[in-house]
Each structure stands twice: as structure tokens, then as C-alpha cells.
Amino acid sequence: MDSSKKISMGTQVMAVRVLRLLWESYSNRQNMIHDGAVRAVSLVLIRYSEKWSNKENTDPVKKQIEKLLENVLKCMLLFSKWGSLECAQQMLADGNGFKALVTLIDINPYSASKCLTNLSHVARSRSDIANAAAVECIVDKIRDHVEKKPNDRCPNDLVSALCLFCRHSMNCSEVKRAGGLQLILQVLKNCKSRRQEYQIVNALFGFQFDEQSQEILVSNGIVNIIIDCLERNLKCKEPLNEKHNLVVRKKRKKHKLKLHVESIQYGKRKRDTSPSEESSSSPGCSQINDQLAMFMSGRMTPPDSDSSPFSSPSCTPPRKNGSDDEQDDMDTELDKEISQLLEVPDPESETEEHDGECDNEKTHFESADLQEKTIIMMLLVLSRVSHMKPDLAQMSLGSKRSLVILLKYLRESKYPSGRITTLLTKIVSNPDNLLLLIESESVLLIHSLTDSVHGVECKKCYRMESTGQLLLKHISNFAQSDCGKEQLLDAMQKADDENKRKCIMSVPFIITLKPLLLKFMDTWSGLNLLIHLCVTNAELRYQTCAALNKLACSIHIDNPVMKYCSKKISTLTDRYEFNPAGKNIVTIQLDDGSTVTTDRDFLIERADYFKVMLTGAFKESNEEVIRLTNVSNHALQCLFNLLKDEYEKKDPQQLNVNLITILEVIVLTDIYLMDGLTDWLTRCVEQYLLKVDTACDIYNWSIMSGTNFLRVETVAFVLTAKMKDCERHELFESIVECGLLDEIKDDVYRLISRYLKIR
């Protein structure tokens, strides 16, 4: 490779290939460096890069030079991975080696910039790389493309090269100074490639501890851009079906999972490390991997380093320990689930072919995995942004659209990142976002997370329910503070009808103080509005039913089913057995022509109504057959059994008689003035027969029969019983379909108003 000798282009290509193959053997590297092989290849690169850039050369000559330079570049890429100072100095050669690499960016942007990035791990090479103006070259090329073709996709090689430069702090400073941050955001905004999107977000994560860079990103709309990207990714995600299969949640000890930096690796293979640097540093671990590991382990501030200007600034607000303590159990499980997702191959890792053909620089990912990794990186970037000053980023994060997209991700993702909870907690805990959460109806959306399908035994349902409860708790804590009360009351005074409706529907989920609830529901007529919407507006009935349930529980309306503790099953039947031998018999004839025979003395003794009828100045007193109207045979026999065994003196029991018969017997006991039996039967129905599938029938019977028995109890059950929101909604739907609109409105209003005013 002596420049004084005339060596053909093909021979030089073969020589470069041989050196590359020899470098593959670890034992040859020290000897090759000692013999100056690296410097020789670098001199070839310098000499022919100047010839290639010479405009006087013809196209055939340029093509031959390009073929040689491509092989030289592959060889230089291998050299750069060694990472030793002596190797880097030989690559610099006569001082123009790095400039020659910058020149080759036009031939192969990715490989040339990857080579420069590897060299940037050697501390003494960074100033030479900066002097070579590699970053400015890439930024200018991308800027020219964006300005000329703003709607076209930016070339992958250029974007990958710029993202590679962002891996090191020295290059990050150059990117920021050259205006690359704004350019990266502009490319991300119009990005349609998942791989390119992942590379850009990965690069942005490298600026997380530089406050000045964060301010530039926020001022250029990074929050809205990432939210747009999240929305694009969520559209093509398979949503989590509400009817998902039960995933049993394993019982575990309560402890905080410790994620170590060593457990998170991006590359499939580590970069080669020179013997001189193995003991002092690990150049194979890039800055972004260390930062990601620290972030996932909960340490926002990286360890001090003299070589990194991006150490966490003193003005970075600390994380709140209180919120982390409350999320320990949930974050432990979630972080453990996504730890495998974070162990992903480096999207810029190259596949090298030793046959001399052009490298294929593409990384092979499965589409779904890459999408999940991209979303996780976006959430990590947003999490860092959320720790900035409120006036810079919180307004964008607290917008309606941002909250809806983040909650949509939490609800639809099969394995959501644990950091989504921390991010949402940061947003909802911000005092400036309270009214925004109400106006965007995000409170209702957060509550929908708590309506689980399978309960806490299912891992997916437990995750959703725990997150929803945690977020509502944070909103409630501020809403019930003096500052929160003032904001809510002031908003109610100035709100129009639509915003007033949103506020009234959200208040029951975040307010539990009875005096404050009385202010909203009574003084501001919120209860009337809530009940009116529930009964008349089918579209809002689902949310208003849930709101009424929360309101009833907050003011401590008791569930009537929980009053009694007896579990005894009654032997009562609707078949009355009577032995007529030696008895004073009376036969009762009914409307359907059937008859029931019993003892006259038994009726006189056990029922005052029949005593007056059979012994008083009535014609029935002298007749052996008496007629009763509007009475069924089963109900009358059941009534006689109750009188026979004196059930009114017993505790309420679970009856094995059908509900219709029991309700008819209650009407008979009321007509025949059997108050003891009436009370006993209503308590039995209230305790054992008042259920989700029978509440509508009991309420309808109470009104239609004119007795009003169990009417208030049924309303209390509908409001306070433990059931899913969808079941409560269906129950209200059934009552409304029965035509009892005015009745249910009045009953709910009276019951809640009475408890609201109880001190």
C-alpha cells in the first residue's frame, strides 16, 4: 500500500479485504497495530477520498474509487470497534483521517457515522471528531432534504447517522449547537417508518438530563409530537378485549424489585474492548443504555462523570417518594414484565459479510416487538419531560388529547409499561390540571379503569383497577384541599351548562367530604341534574349511574342486604297439608274455582281478620264455604303454612318459595292485618331475594301493588350494592323501560337528600 508504488485498484481492494479478515482474529490485532496496518488503511482512505471528491475525475474512475472506499470503510468500521487510543491515533493518520470519514458520509452515511461514533468513545479523539464537523455535515444534509421535500420521507441513512451521533455527550452538544434537535423533531413528526421512529425517540432519550436541550425540545412541541406518534401506534395495536381470558394473579411477597444496570443490554453482541481499557471503562455500553437502566431502576440522576456534561442539574426536581411508595407493589410487577421488552437488539447493529459485497445495514425486528419498544421509549421521554417546570411542559401533558391517548394506552395494551402510572400520577397531581381533567371528562375515563371484568384475581384486571384507584386518589387529595375547593367552586360559578354538567358528573368520583358534596348537590342543584341525566339521557346513563353509586357510598347509604347475618334456610312451602278428621272445617273458594280446606278454629286463633269474619255479624260466620277474591291458591296455602308454624317469631330465613308467590303473600298479610308476618316476610325478601336480577321486579311490584313495601330498600340496593357498572346500568335501564321514570327520580332524590343533610 505504499503510495510511491503503482498498485492497481483491484489489488488494493484485495489487500484491504485481507486486512479485514486478519483483524477478525483477536490475536492478530496487537501485531497489526504495531506494524501500522491501521494507519496504512487510513492513508488509503485519505488519499482516495480526495480523489473521489475531485470533480475532474470521470464517472468510471469515480466508480472504481467508490468500490475501494466502500471496502476501506468496512475495514475502518472494524478498527473503530477496538476502541483503544493507539488504534484511534493510527486512524487519524496525518490528521485528516476523521475528515476523510466525514467526506464518505455521501457514500455511506450510516457506516461512516457509525465509525465516528465508535471513535467518540475514546476521550482524546472527541476534539478531533468535533473539528471534522461530522455532525454539521449530517444536519445540513437532512435540513436540505426537509426544506426541498418536506412531505417526503427522510433517507434512513442520514437519520440513522444523526441518531448515532446523539449517543455520546460530546456529539450531543454539537447536535444541539447545529440545530439538530429541532430538525429531529420535524423528521419525527412526519415519520412513517417504525424503525426510523424508534431510532429518533432513542436518540431524544439521550438528552434527558440536559435542561437546556429539554427546554428546546418542549418549546418545539415534543409533547404533542410524541402524543401523535403514540396515537399512530395505538391505532394499529390490538386492543385488550374486555372479555379477555382470566389470567390468575400469583400471590407474592411485598418487596421492591431491584433492576440492575447489568440486566439491561441493548446489543446482541458487545463491542470489542481493548485490553488497556477493560479495567477502566466499558466503551461497549453506550450512554443511553446506562441512562435507561438508571431510569428503570428508579434513579433519575446518573452517577457523576467527568466526561459527561449531561449530569443531572441541580434544578431537576426530585421524585416524590410518597407516590412511589404507593405504587411499589404495582410497579414491581409491571417493571418485571417489561424488563424483557427492554432487552432489545441495537437497531443500528450491522451485519457484516466477508465476501466483499455491500453490507446490509438493516436490523430484523418483529413488527409488534418494535412497536412496543418504541412506545416504551416514548413514555420514558415524556416521563422526563413531566419533571420540568410546570409552565414548560405540564400544559401540553395535561391537555385533553394527551390524557386520552395515555389512558387509552394503559387500557388497551396487554403489557403496559409501569412508568405510565408514574407519568399519569405526575399529570393528575399537578394543581393546574384539576379543571382540565374535569373539562376533558378524564375523571370518568380514569374511573372506567376500576370497573374490572374478573376482579382482583385476574392480573390484567388488577393492574387496571389499582392504577385507576391510585389516580383517583391523587385527584381527590388535591380536589378536597383548600386550593382545590376554591378552584371547583369558582369554576361552578362561571361554568356554562356543558361544563357544569361535566363538573357535577365528575365530583362524586373525587369528593367524599359531605359538606362539600352538599354544596355541589344541594346548593348548586347538582343532584337534580345528575338524576335527570340518568333517567332521561340514554347516552350518559352509564356514567351517571356510576356517579350516583359513588355519591351514595360517600354519604354512607347502607346496603339493605348487609343488615342481617342469619344463613338459615326455611322449610316453608306453598303446599298446605291439613288433616280434616274431627275438625271444625271451613272451605275457602277462590276466583279460579279451586278450594283450600282448613280448620275454622285455627283461623280464628291465628288471624284477627278471619276471627272477625267467622265469629262476627257476617254471613261467612254461618257458612261452611266462604269466598275470597284476588287470591291465588299457592299464595293462600303458603300463608296458612306461615300461620301454622308461627314464622313471625323467628329470625329472617332464606325462603325456597318463588318470589312472585312471596310478594303476593306480603300483600295478603297487609290486607288481613298480619303486621308481624308482613314485617318478617319483607325482611326475608330484603336479605335473601333482593338481587340484581330481581330488584326491578320488586320495585315494580312495590309501586303497582300500592303497598310501597321494599320500595326504599330497593332503591338503596340499586345505588349501593356491589356490582359492576354495566350491571347497574342495565338495572336502571330495566326500571326506566317499565315506565317508572318519575317514581325512580323522586325516590333517588329523596333518599340521597335525606342522607346528605344528616350531620
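Thr-587 of strand E1 stands opposite Thr-597 in E2, and its bridge partner in E3 is Val-625. Strands, like helices, are DSSP runs numbered from the N terminus, with at least two residues for a strand (E) and at least four for a helix (H or I); two strands are taken to pair if DSSP finds at least two bridges between them. The model is predicted, so that local features require a pLDDT of at least 70 and side-chain atom pairs a pLDDT of 80 or more, whereas totals for chains, interfaces and linings use all residues. Residues are numbered from 1 along each chain as its sequence is written, and side-chain values use heavy atoms, without hydrogens or water.

Strands E1 (residues 585–589) and E2 (residues 595–599) run antiparallel and are joined by five bridges. The two strands form a hairpin with five residues between them, and Gly-593 in the turn has a positive phi of about 90 degrees. On pairing with strand E3 (residues 625–627), E1 adopts the parallel sense over three bridges, and Ile-588 stands opposite Ile-626 of E3. The resulting open sheet has three strands in the order E2-E1-E3, with mixed pairing. Because E2 and E3 each have a single partner strand and stand at the edges, one side of each is left without a neighbour in the sheet. From one strand to the next, the twist averages 30 degrees. Helix H32 (residues 633–645) packs on the sheet and touches E1 and E2; its direction makes about 15 degrees with that of E2. Axes are lines fitted to C-alpha atoms, for helices over the stretch in contact, and angles run from 0 to 180 degrees between N-to-C directions.

The largest nonpolar core comprises 215 residues, and Ile-222, Leu-406 and Ile-752 have the most contacts inside it. Helix H4 (residues 59–82) gives the most to this core, with eleven residues. Such a core is a set of buried Ala, Val, Leu, Ile, Met, Phe, Trp, Tyr and Cys residues joined through side-chain atoms within 4.5 Å, where buried means under 20% relative accessible area (1.4 Å probe, protein chains only). Beyond its neighbours within four places in sequence, Ile-752 is in contact (heavy atoms within 4.5 Å) with Leu-527, Leu-548, Leu-551, Ile-555, Ile-557 and Leu-719.

Asp-451 lies in the loop between helix H23 (442–449) and helix H24 (459–479). The side chains of Asp-451 and Tyr-542 are joined by a polar contact of 3.1 Å, a term denoting a pair of N or O atoms within 3.5 Å; within protein, one must be able to donate a hydrogen and the other to accept it, and residues adjacent in sequence count only if both atoms are side-chain atoms. With neighbours within four places in sequence left aside, Asp-451 is in contact with Tyr-542, Lys-724, Asp-725 and Cys-726.

How values were computed. Buried means under 20% relative accessible area, exposed over 50%, partly exposed in between (1.4 Å probe, protein chains only).
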